[in-house]
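Visitor: Could you take me closely through one part of this model, the way its helices pack and how they sit against the sheets? I would like to follow it residue by residue.

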Amino acid sequence: MFSDPGSDAAVMAAWERFLHGASRPSDSLRALVDGSWQRCQQHNVDPDKRSAPPPVDESALASLKEHHSELLEAGAPIMAYARDFLAETGTVMALADARCTILTMEGDNPTIGSAESIHLLPGVAWSERVCGTNAIGTALAVGEPVQIHSAEHYCAGIKRWTCSATVIRHPHDGEIIGVVDVSGLSESYSRQSLALVVTTASRIENKIAMREMERRYYLLDASLRRWSGGTDGLVLFDRRGYPVKANEIAQAAMTALGADLNLAAPRRMPALAIAENGALAQVSGLPAWLRPEWLEPVIGNRGERLGTL
């Protein structure tokens, strides 16, 4: 799990041999890093690359931030705290989306300045396919906490850096929704940085879980009037397309239709996920048993769409 700065020279030699076609990994090379280098080579990543690509323009970054507002809101208190506790540590904390694009960054100001030279900046995608082995991209590739130190990076221009990262998962279904990373120049290496990102990711996930519970109560309250009496079979879906509640009529009807509805282990219906504009993401993707004319939006007090009946 942890990098070993003491093997840096051996890892560098292993990298040079790897680029020249070595058939087997060096004993000094961790399996995690070897696997990442193999993927980089398969994706034709340039090992001589000096930096990540330039950031997207301000309007595109603003759009990305709006799209990932839930993640940013959950991470905001922690990122604000990072301004203080990472000051003078030679490290910065970055919060990225599930495509490795950095959304926001805080920490030691001189290090933020140094990070600009390799485009470790908001608006830049640090995927393995683009930037080679790095903590953000590799953590997303393997779905686990990752520490990448110095020579373990695949691209030459990033080998002066050390970084630790882990993915952030949605507490409802484990879907990866982001990555948190701590990076600095090689001399800032610390085993504790990996514990820091794991703890930070957990705190963000807990905040999202609390917000998700609030949304669930709000959704149920907004649809309450529809559940009293009547002969309709009703199924309530949340904003992500998960079934939340169903009455007995609906359960019997869905069984007859051959539909799979298990509220104890609900399955997501992507077609009923709500897009940013409040419309359903892809009505054309509804299953055969579900007709579009049966769908009824659940609207909140502020006019926002909370879910679908």
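Guide: Helix α2 (residues 31-42) packs with helix α7 (residues 135-142) at an angle of about 95 degrees, and their axes are 11 Å apart; axes here are lines fitted to C-alpha atoms, for helices over the stretch in contact, and angles run from 0 to 180 degrees between N-to-C directions. At this angle α2 is roughly perpendicular to α7, a label given from 65 to 115 degrees, while angles under 35 count as roughly parallel, over 145 as roughly antiparallel and the rest as oblique. The model is a predicted one, in which local features need pLDDT of at least 70 and side-chain atom pairs count only at pLDDT 80 or more, whereas totals for chains, interfaces and linings use all residues. Residues are numbered from 1 along each chain as its sequence is written, and side-chain values use heavy atoms, with hydrogens and water left out. Helices (H or I, at least four residues) and strands (E, at least two) are DSSP runs numbered from the N terminus.

From α2, Leu 32, Ser 36 and Arg 39 meet Thr 138, Ala 141 and Val 142 of α7, where contact means heavy atoms within 4.5 Å. This contact of α2 with α7 has 3 nonpolar, 2 polar and 1 charged residues, with Ala, Val, Leu, Ile, Met, Phe, Trp, Tyr, Cys and Pro taken as nonpolar, Asp, Glu, Lys and Arg as charged, and the others, Gly among them, as polar.

Helix α7 also packs on a sheet, where it touches β1 (91-97), β2, β3, β4 and β5, and its direction makes about 35 degrees with that of β4. That sheet is open and has 5 strands in the order β2-β1-β5-β4-β3, with antiparallel pairing; two strands pair if DSSP finds at least two bridges between them. Because β2 (102-107) and β3 (146-149) stand at the edges with a single partner strand each, one side of each is left without a neighbour in the sheet. On average, and with direction ignored, neighbouring strands of this sheet are turned by 20 degrees against each other.

Within the sheet, strand β4 (residues 161-169) and strand β5 (residues 176-185) run antiparallel and are joined by 9 bridges, and Ser 164 stands opposite Val 182 in β5. At the edge, β3 runs antiparallel to β4 and is joined to that strand by 4 bridges, with Ile 148 opposite Cys 163 in β4. Val 146 and Ile 148 point one way from β3, Gln 147 and His 149 point the other way, and all are buried, that is, under 20% relative accessible area, where exposed means over 50% and partly exposed lies in between (1.4 Å probe, protein chains only). In a regular strand the side chains alternate between the two faces of the sheet. Met 93, found in strand β1, counts as buried at 0% relative accessibility.

Two loops of this region hold residues with a positive phi. Cys 100, in the loop between β1 and β2, has a phi near 75 degrees although the residue is not a glycine, and at 2% relative accessibility Cys 100 counts as buried. Ser 150, in the loop between β3 and β4, has a positive phi of about 45 degrees and is likewise not a glycine; at 6% relative accessibility Ser 150 counts as buried.

For a second helix pair, turn to helix α4 (residues 69-85) and helix α8 (residues 192-222), which pack at an angle of about 145 degrees with their axes 9 Å apart. Their crossing is right-handed, meaning that the near helix is turned clockwise from the far one by less than a right angle, whereas anticlockwise would be left-handed. Among the residues that meet are Leu 71, Ala 74 and Ile 78 in α4 and Ile 204, Lys 207 and Ile 208 in α8, and the residues of the contact divide into 8 nonpolar, 2 polar and 5 charged.

Helix α8 in turn lies across β6, β7, β8 and β9, running at about 145 degrees to β6. These 4 strands form an open sheet in the order β7-β6-β9-β8, with antiparallel pairing, and the edge strands β7 (243-246) and β8 each pair on one side only. Strands β8 and β9 form a hairpin with 5 residues between them, and Gly 303 in its turn has a positive phi of about 85 degrees.
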